[in-house]
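I opened this notebook to record what I looked up in one structure. The entries are grouped by topic.

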Amino acid sequence: DFLKIKRSSNLFDADVRAERMKKAWAKTREYACGERTVTEFLENVKNDHATDIIESMWGDRGKRFYVNTLNNGAISNLPDDAYLELKCDLDMQGPRPHPIGPMPSGLRGMQYQVLDTHELTAEAAVTGSRSILRRALLCDPICNNIEDVDACIEDLFNAEKEALPDYWF
C-alpha cells in the first residue's frame, strides 16, 4: 500500500508553481486594470472559492463562506485577534464571522497550540531569531523531536539561502 501511495503522489515543484503563480497574478492585474474584459473573465475563469467570494462581494449576493479571518468574538473564549477559518458573511465591508460561542476545553487547547505556532513563526520572521523559529516548530504538533526540528531548519536555510534575508545568517 505504501508503494502505491508513493507512486501516485507528486512532488511539489516550487519553481513550476512560482512561475504558474507569476502568470496568474499578471493576468489578475490585467483584469483589475481593465486590460482584459469582464466578458473574457466570465468566459475563461473557472469557478473556484476565490471567484465565488469576489462575485458575492461585488454583487452583494449575501452568500456565506468559510474563510480565514480574525475571530472578532465569534468564539467567545479565544482572543479577538486569533486568526481562524470561520463561517462568515462577506460583502464589500469584509468578513463578519458568525457567532459560535465557547470552544470546548480540549479543542481550545489544541487551537492555542496552532495559534502559538503561528505567532512564534511570525515573530521569528520579523526578528530573524533562530531560537524563536525553533520554538515555533517545536510547538507544532507534527514535530516530535528537537533533532529533527534542528535538521529541518538547517535544510531549509541551506535550500533557501538566496531567498532569505541576510539577518538569518
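The entries below cover cysteines, salt bridges, surface patches, backbone angles and distances along the fold.

**Entry 1. Status of the model**

I note at the outset that this is a predicted model.

**Entry 2. Cysteines**

I first asked how many disulfides the structure holds. I found zero disulfides. A disulfide is a covalent bond between the sulfur atoms of two cysteines.

I then looked up Cys143. The closest cysteine sulfur to that of Cys143 belongs to Cys152, at 6.7 Å, which is too far for a bond. The cut-off for a disulfide is 2.5 Å between the sulfur atoms, so the distance of 6.7 Å rules out this pair.

I also checked exposure. Cys143 is partly exposed, at a relative accessible area of 28%. Cys88, by contrast, is buried, and its relative accessible area is 0%.

**Entry 3. Salt bridges**

I searched the whole structure for salt bridges and recorded seven. Side chains of opposite charge can pair when their charged atoms come close. I followed up several of them.

Which residues does the salt bridge of Arg64 tie together? I found that the side chain of Arg64 meets that of Asp89, with an N to O distance of 3.0 Å. Arg64 belongs to strand β1 and Asp89 to strand β2, so this pair ties together parts that lie 25 residues apart in sequence. I recorded Asp89 as partly exposed, with a relative accessible area of 23%.

I next looked up Arg130 and Glu154, whose side chains form a salt bridge at 2.7 Å, N to O. Here the partners sit in helices: Arg130 in α6 and Glu154 in α7 (residues 146–159), so the pair ties together parts 24 residues apart in sequence. Both ends have some exposure on my list: Arg130 is partly exposed at 31% relative accessible area, and Glu154 is partly exposed at 37%.

The side chains of Glu55 and Arg61 also meet in a salt bridge, at 3.7 Å from N to O. I noted that Glu55 is partly exposed, with a relative accessible area of 37%, whereas Arg61 is exposed, at 52%.

Finally, I recorded a network of salt bridges that links Glu30, Arg36 and Glu40.

**Entry 4. Surface patches**

I asked which residues form the negative surface patch. The patch is formed by Asp80, Asp81, Asp116, Glu119 and Glu123.

I took two of these members in turn. Asp80 is placed in the loop between β1 (64–70) and β2 (83–91), and at 46% relative accessibility I list Asp80 as partly exposed. Glu119 is part of helix α5 (residues 105–127) and is exposed, with a relative accessible area of 58%.

I then computed a backbone distance from Glu119. Its C-alpha atom is separated by 9.5 Å from that of Ala82, and these two residues are 37 residues apart along the chain.

A nonpolar surface patch came up as well: Ile54, Trp58 and Met92 make a patch of about 380 Å². I located Trp58 in helix α4 (residues 49–58). Is Trp58 buried or exposed? I entered Trp58 as exposed, at 67% relative accessibility.

**Entry 5. Positive phi values**

Most residues other than glycine have a negative phi, and most peptide bonds are trans. I therefore recorded the exceptions listed here under phi.

Asp60 is not a glycine, yet its phi is positive, at about 50°. I placed Asp60 in the loop between α4 and β1, and found Asp60 exposed, with a relative accessible area of 60%.

Asn72 is another residue other than glycine with a positive phi, near 45°. I placed Asn72 in the loop between β1 and β2.

**Entry 6. Arg134**

My last lookup was Arg134, which lies in helix α6 (residues 130–139). Arg134 is partly exposed, at 31% relative accessible area. Where does Val149 stand in relation to Arg134? I found their C-alpha atoms separated by 6.8 Å, although the two residues are 15 residues apart along the chain.

Terms used: Residues numbered from 1 in each chain as written. Predicted model: local features only at pLDDT ≥ 70, side-chain atom pairs only at ≥ 80, totals over all residues. Heavy atoms only, no water. Buried < 20%, exposed > 50% of the residue type's maximum accessible area, 1.4 Å probe, protein only. Patch = residues over 30% accessible without salt bridge, like charges linked within 9 Å, V, L, I, M, F, W, Y side chains within 5 Å. Areas by Shrake-Rupley, 256 points an atom, 1.4 Å probe, with all protein chains shown as cover. Salt bridge = Lys/Arg side-chain N within 4 Å of Asp/Glu carboxyl O. Lys, Arg positive; Asp, Glu negative; His and termini not counted. Charge placed at Lys NZ, Arg CZ, Asp CG, Glu CD. Helix = DSSP H or I, 4+ residues; strand = E, 2+ residues; numbered from the N terminus.
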